[in-house]
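Subject: Structure handover

Hello,

Here is the structure for your files. My notes on what was found follow below it.

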Protein chains: 2
Amino acid sequence: MAKENFVEQIADIEKDFPQWYTDVVKKTKLVDYGPVKGTMVIRPYGYAIWENIQRELDKRFKETGHENAYFPLLIPMSFFTKEAEHVEGFAPEVAVVTHAGGEELAEPLAIRPTSETVFGNMYSKWLQSYRDLPIMINQWANVMRWEKTTRPFLRTSEFLWQEGHTCHATEEEALEETMKMLGVYKEFAENCLAIPVLTGKKTEKEKFAGAVATFGMEAMMKDGKSLQAGTSHYLGQNFSKAFEIKFLDKDGVQKHAYTTSWGVSTRLIGALIMAHGDQRGLVIPPVVAPTQAVIVPIAAKKGGVMEACYQLKSDLQKAGVRVVLDETDNSPGWKFNEWEMKGVPLRIEVGPRDLEQGKVVIFRRDTCVKDFYALDGVIETVKELLQAVQKDMLEAARVRRDERIVYANDMSGILAGVEGGNFVKAGWCGCRECEDKIKAETAATARVYAEGETAETCAVCGNKAKHMIIYARAY
Amino acid sequence: MAKENFVEQIADIEKDFPQWYTDVVKKTKLVDYGPVKGTMVIRPYGYAIWENIQRELDKRFKETGHENAYFPLLIPMSFFTKEAEHVEGFAPEVAVVTHAGGEELAEPLAIRPTSETVFGNMYSKWLQSYRDLPIMINQWANVMRWEKTTRPFLRTSEFLWQEGHTCHATEEEALEETMKMLGVYKEFAENCLAIPVLTGKKTEKEKFAGAVATFGMEAMMKDGKSLQAGTSHYLGQNFSKAFEIKFLDKDGVQKHAYTTSWGVSTRLIGALIMAHGDQRGLVIPPVVAPTQAVIVPIAAKKGGVMEACYQLKSDLQKAGVRVVLDETDNSPGWKFNEWEMKGVPLRIEVGPRDLEQGKVVIFRRDTCVKDFYALDGVIETVKELLQAVQKDMLEAARVRRDERIVYANDMSGILAGVEGGNFVKAGWCGCRECEDKIKAETAATARVYAEGETAETCAVCGNKAKHMIIYARAY
């Protein structure tokens with residue numbers, strides 16, 4: 001690919017975080033803008049992260065008993081009107097196909113913004129008896145939500161995601177599934193993306209259109225804002241009643257099933273950029289990094305250097321490490337900058353003098369520390385370092401986040417908290433009016449209920465608090 | 001899932017092949033019809049085959065230097081008009097988005113029927129120098145072509161596919177890529193799907209709209225009809241001129257790149273059903289089979305049977321075999337029918353008497369032959385049998401096909417040949433009029449040029465033949 005000017009300044013992460021983000025995603029070739037406003041092209045480097053995310057999640061979905069399938073992109077507009085809240089939430093955002101095959105369609109078709117309705121329609125045909133339950137299907141698909149303001153990965157009119165849709169005989173089972181998948185997401189976010197997340201119930205205002213209850217996971221970005229990184233919805237019988245998803249139970253009675261849905265999207269790529277990135281660019285956790293280690297030859301023409309590099313590359317590949325040997329004619333300094341910007345977890349520098357002493361230099365992207373390591377046993381060292389990077393990135397993110405969770409008793413405390421780039425915990429009486437007021441005056445929203453915590457009074461009205469809420473400004 | 005009546009007759013494969021196909025895809029739960037006419041829901045059993053196809057192909061694409069990416073679903077209608085043949089070929093089939101976000105769009109947007117135009121648009125931005133070449137990107141995506149007559153997997157308004165799009169500095173390199181990917185498809189079809197394919201150039205009439213030349217692979221179905229199972233296009237500079245895909249070459253001159261595209265789709269699932277299926281249902285080759293072996297306990301309540309089954313299942317899983325233990329309370333006979341219909345390559349019957357003698361029965365779905373095997377060493381036996389099934393299925397399909405390739409010298413010979421369910425090789429003068437005549441009178445089309453073969457005269461006009469063509473009726 002063409003050389004791009006890597007030393008060109010990325011915007012200051014402290015002073016202009018949004019521009020820093022835009023610079024990083026473009027310069028590292030994660031993404032580009034598509035020809036239609038609000039769309040993105042996920043370039044190979046970005047897509048490789050998505051493939052790693054998919055592999056890790058898909059394994060977890062299958063381990064928890066789910067199967068993949070594929071449901072149609074186009075949904076009759078009439079389907080949306082069957083669930084009253086759902087149509088209100090999604091109708092304003094849909095893209096509509098009115099013509100096809102050279103003719104006007106009898107009924108306009110929506111490009112799916114989410115697929116509860118079409119899964120519901122099919123499940124009503126497939127489900128007959130309690131023996132058919134549970135039905136647990138996931139799909140990996142593109143969806144479309146027409147948004148006014150868009151940013152690559154964070155909010156685009158089209159994005160990629162997975163959506164799980166399950167049917168159960170009882171409320172208990174459906175709730176258990178809802179919470180289990182929230183747990184799968186949390187474990188994945190922490191162990192694969194190295195992002196510590198806060199999980200909990202969402203308020204009525206923030207829940208999914210059509211759900212009985214939505215549970216979300218919230219991740220803190222480096223600017224202190226929150227990013228909703230995944231949601232799991234308990235849908236009760238809302239969709240099963242709208243779509244007649246019924247079964248003959250053991251007791252001989254026809255009953256409506258209880259359903260759930262849950263999803264994460266290419267937003268997760270935005271999350272990992274903003275949770276870990278720094279002034280030099282991306283910092284990608286090893287589990288999802290397209291390249292886990294890059295080998296940079298120093299004084300490549302000196303005897304033995306390239307031979308050692310080839311051997312190292314081959315040995316690392318055999319050990320299952322995703323490794324690149326940078327053989328371009330760029331200078332080592334250029335290469336250092338480029339691969340640091342791309343966020344590759346480890347850089348192995350192989351030079352003639354170190355080789356003579358049986359050593360290599362390994363640079364850790366997360367700590368930006370480099371050190372000498374014996375060439376003998378270096379494969380094991382690299383594997384251990386990758387594990388250490390993964391673990392330490394999570395720990396560092398956790399420390400950063402925990403330092404920025406504060407408490408407030410009143411509105412000015414919430415405002416000061418979020419202005420300072422914090423998550424703010426505060427009491428809430430439970431009424432919509434107070435929730436709206438906080439958004440109007442602080443630009444923060446209720447992210448999730450703080451599990452297991454209670455407050456005395458509502459930070460807005462001063463009445464008795466029913467819940468402790470985590471407020472933050474959010475993406 | 002609910003019991004379905006598996007003993008219910010599937011239509012006679014000899015007498016009504018189309019109905020046999022419909023019965024099999026529905027009863028085995030590969031697919032269902034979507035709510036919008038012409039769309040399909042790929043159910044978990046069908047999607048699991050697609051996942052195996054994807055895994056095998058994706059590995060091959062990466063081994064040949066390609067990267068995955070994701071390009072937008074929606075394409076400005078104006079893009080299609082930039083390449084004259086392309087718009088003529090695809091405009092009549094596109095689905096058009098005219099409204100989004102509650103407003104009418106300034107320019108209508110097409111749902112991609114194929115993505116040469118949007119890849120072209122982005123490549124023109126990314127490509128600057130000969131150093132950037134080649135660009136070799138593939139995407140896995142959904143596409144939409146509004147068809148009047150549809151059948152699950154074979155022709156649906158929406159389907160899943162992969163589309164590779166590459167850019168090269170020279171005609172030679174682009175042609176080499178075109179042929180290399182045709183070769184990858186052929187090797188995959190034979191070694192993974194166990195389908196022997198005929199590959200070759202397509203006539204001008206049958207080529208891709210916008211290509212300089214299209215190369216296809218054709219597979220014979222059990223009714224003697226042909227199914228186009230994949231295509232690889234040499235696009236020359238047609239799209240690079242339409243989209244200004246240019247680079248500064250070594251010699252300092254701005255040049256248009258040479259491009260290719262190539263794709264296979266969920267049609268391949270239809271191909272493997274119709275290439276291998278029989279009166280009992282599906283016969284799935286082991287490499288892509290969702291379940292490679294099913295264990296059926298006989299007299300499950302007898303001591304030791306279930307223990308042996310659990311042990312066997314666990315050992316097979318450890319050996320990497322995709323295995324299911326059927327623990328339902330259906331009778332063994334019912335289970336035999338069900339799993340035979342589902343096309344699982346091997347059935348292992350574990351009964352108390354055989355166990356006493358240290359034996360199990362293994363049934364091969366491809367040959368419908370069963371035999372005794374020693375329990376000691378059965379894991380190796382299963383692995384060997386799976387390999388044998390894979391190999392023998394290809395060989396059997398090759399024999400079936402080769403018996404049904406005939407030669408003809410005139411139109412009545414072609415008609416008799418295709419009516420008899422054959423591929424027919426015949427000479428062709430090269431003119432469109434003769435090609436059209438054959439279609440009109442025999443319902444057969446020119447599938448591919450018969451590589452390396454020549455004929456004396458055109459079967460239609462009797463003039464000197466320029467090519468030998470393989471004619472067939474086709475899906």
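How much area is buried between chain B and chain A, and what share of it do carbon and sulfur atoms give? The buried area is about 4700 Å² and carbon and sulfur atoms give 63% of it; the term stands for the accessible area (1.4 Å probe) that two parts lose on being put together, summed over both. Of the part that chain B buries against chain A, 13% comes from B:P35, B:Y70 and B:W126, more than from any other three residues.

Some conventions first. This is a predicted model, in which local features need pLDDT of at least 70 and side-chain atom pairs count only at pLDDT 80 or more, while totals for chains, interfaces and linings use all residues. Residues are numbered from 1 along each chain as its sequence is written, chains are lettered from A and ligands numbered from 1 in the order in which they are written, and side-chain values use heavy atoms, with hydrogens and water left out.

Symmetry

Chain B is superposed on chain A by a rotation of 180° with 0.0 Å of shift along the axis, at an RMSD of 0.0 Å (least squares on the C-alpha atoms of residues with pLDDT of at least 70 in both copies). The two copies are thus related as by a two-fold rotation axis. Within chain B, the residue that comes closest to this axis is B:V97, with its C-alpha at 2.1 Å.

Interface

Chain B and chain A put 57 residues each into the contact (heavy atoms within 4.5 Å). Because 100% of the interface residues of chain B are also interface residues in chain A, the copies meet through the same surface.

Two salt bridges are counted between the chains (a side-chain nitrogen of Lys or Arg within 4 Å of a carboxyl oxygen of Asp or Glu). B:K62 forms a salt bridge with A:E51, where the closest N and O atoms are 3.0 Å apart. Polar contacts across the interface amount to 22 residue pairs, both residues at pLDDT 80 or more; such a contact is a pair of N or O atoms within 3.5 Å, where within protein one must be able to donate a hydrogen and the other to accept it, and residues adjacent in sequence count only if both atoms are side-chain atoms.

On the side of chain B that touches chain A, strand β5 (residues 95-100) of chain B supplies the largest share, six residues. Helices (H or I, at least four residues) and strands (E, at least two) are DSSP runs, numbered from the N terminus.

Strands

Strand β5 (residues 95-100) of chain A runs antiparallel to β5(B), and five bridges join them; strands pair if DSSP finds at least two bridges between them. A:V97 has B:V97 as its bridge partner in β5(B).

Chain A also holds an open sheet of seven strands with mixed pairing, in the order β3-β7-β8-β14-β11-β10-β9. Its edge strands, β3 (67-68) and β9 (197-201), each pair on one side only. Inside chain A, strand β8 (residues 158-168) and strand β14 (residues 258-265) are antiparallel and joined by eight bridges, and A:G164 is matched with A:W262 in β14(A).

Backbone

The peptide bond from A:L133 to A:P134 is cis, with omega near -5°. A:P134 sits in the loop between α5 (116-126) and β7 (135-144) of chain A. In chain B, a cis peptide bond joins B:L133 and B:P134, with omega about -5°. B:F153, a residue other than glycine, has a positive phi near 70° and lies in the loop between β7 and β8 (158-168) of chain B.

Regards
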